[in-house]
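Here are my notes on the aromatic side chains, for when you have the model open. I've kept them as numbered points so you can go through them one by one.

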Amino acid sequence: MLKVGSFFAGIGGICLAFKNAGYELVWSNEIDKAACKTYRKNFHHQLIEDDICNLKPENLSKVDVITGGFPCQAFSIAGYRKGFEDPRGKLFFQMLKFIDEFQPRVLFFENVRYLKTHNNGNTYFAIKKALEDRGYYIADKVLDTCECSILPQHRQRFYMVCFRNEKQKDLFEKVGWPKPINENQRLTFDEIVDKSADSVHYFENYPHYYFTALKAVDDKKAFYQWRRVYCRKNKSGVCPTLTANMGGGGHNVPLVMDERGLRRLTPEECLRLQGFDDKIFSFPDDISMGNKYKQVGNSVSVPIVQAIAESIRDILDRIK
């Protein structure tokens with residue numbers, strides 16, 4: 001069984017995807033205390049709660065695959081695209097000492113879709129060169145969750161898969177990426193959204209939300225989006241991208257209307273939109289509502305990563 005080590009693990013979206021695809025999770029690393037609480041509730045292998053800068057390769061077990069959803073804020077619109085000027089943007093390079101030590105067969109990274117074009121492509125070039133200098137062949141692509149999985153969420157993300165064997169990389173580029181699906185294969189609104197929610201999620205006490213948004217809402221089977229000063233229906237029929245600030249009344253907050261009124265999605269509904277089974281995966285009781293939204297918004301679409309992980313496994317089996 002292929003062994004996996006995961007950096008910037010968050011609540012474990014990438015880890016869950018690789019586990020579902022038949023890999024063995026050996027160790028993970030995450031610095032956020034609240035995310036670590038959620039991770040420990042749902043996984044039982046080694047989790048190192050620390051800054052990656054403090055970790056040493058000799059204290060970790062060798063693995064076949066290293067994954068990393070390295071911090072994306074430095075490269076995203078929400079993070080003002082500061083890139084390597086932001087200290088978070090340099091954390092990618094902290095993984096290199098572990099790659100040098102373990103020489104894993106495969107690397108998997110996920111980030112915001114703007115990574116490849118950030119700073120006129122120089123950010124991507126620096127990352128790509130660092131990996132190619134270490135003998136890796138790189139396949140990368142931007143995928144939208146709602147186009148390549150059953151999840152009804154518009155979420156464009158950049159995915160990078162790196163092999164030490166060029167033939168493996170070439171085959172992955174031909175057959176490894178998740179394929180587009182038909183709209184009728186997606187989960188429906190009713191399969192994601194509950195008929196009611198706890199009082200805290202409704203906006204009766206938020207006039208700036210409620211009365212402005214209410215004018216735009218006329219469909220109880222649709223996702224809406226709060227855009228700072230107005231509300232709009234997502235005409236594509238899918239949920240807008242889940243973000244880390246969904247719990248704070250911020251920008252780009254997904255909304256729905258039920259019999260009681262206008263409300264945010266619940267954290268459990270957000271888990272479903274990322275492909276977590278909320279009957280199995282859950283939050284600790286002492287996690288704040290805001291942290292729940294942040295953790296899901298910062299996570300990944302599990303079925304997309306799982307499909308990639310399954311392709312990686314199959315290709316490693318076919319080409320030695």
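1. Start with F281: its relative accessible area is 5%, so it counts as buried. Keep in mind that this is a predicted model.

2. F276 is in a similar spot on the burial scale: the cut-off for buried is under 20% relative accessible area, and F276 comes out at 3%, so it is buried. The two rings, F276 and F281, pair up with 4.7 Å between centres. Their planes are 55° apart, which makes the pair tilted.

3. Now have a look at F172 and W177. This pair is edge-to-face, with the planes at 75° and the centres 4.8 Å apart. F172 has 0% relative accessibility, so it is buried. W177 is at 7%, and therefore buried as well.

4. How many aromatic pairs are there in total? The count is 14, and the two pairs above, F276 with F281 and F172 with W177, are among them.

5. Which residues make up the aromatic cluster with W27? That would be F7, F98 and F102, which join W27 in one cluster. Worth selecting these four together on screen.

6. Two rings also have a charge over them. The charged end of R260 sits over the ring of Y202, 4.5 Å from the ring centre. Over the ring of Y124 you'll find the charged end of K116, at 5.0 Å from the centre.

Conventions. Residues numbered from 1 in each chain as written. Predicted model: local features only at pLDDT ≥ 70, side-chain atom pairs only at ≥ 80, totals over all residues. Heavy atoms only, no water. Phe/Tyr/Trp six-rings, centres within 6.5 Å; stacked < 30°, edge-to-face > 60°. Buried < 20%, exposed > 50% of the residue type's maximum accessible area, 1.4 Å probe, protein only. Lys NZ or Arg CZ within 6 Å of the ring centre and 35° of its normal.
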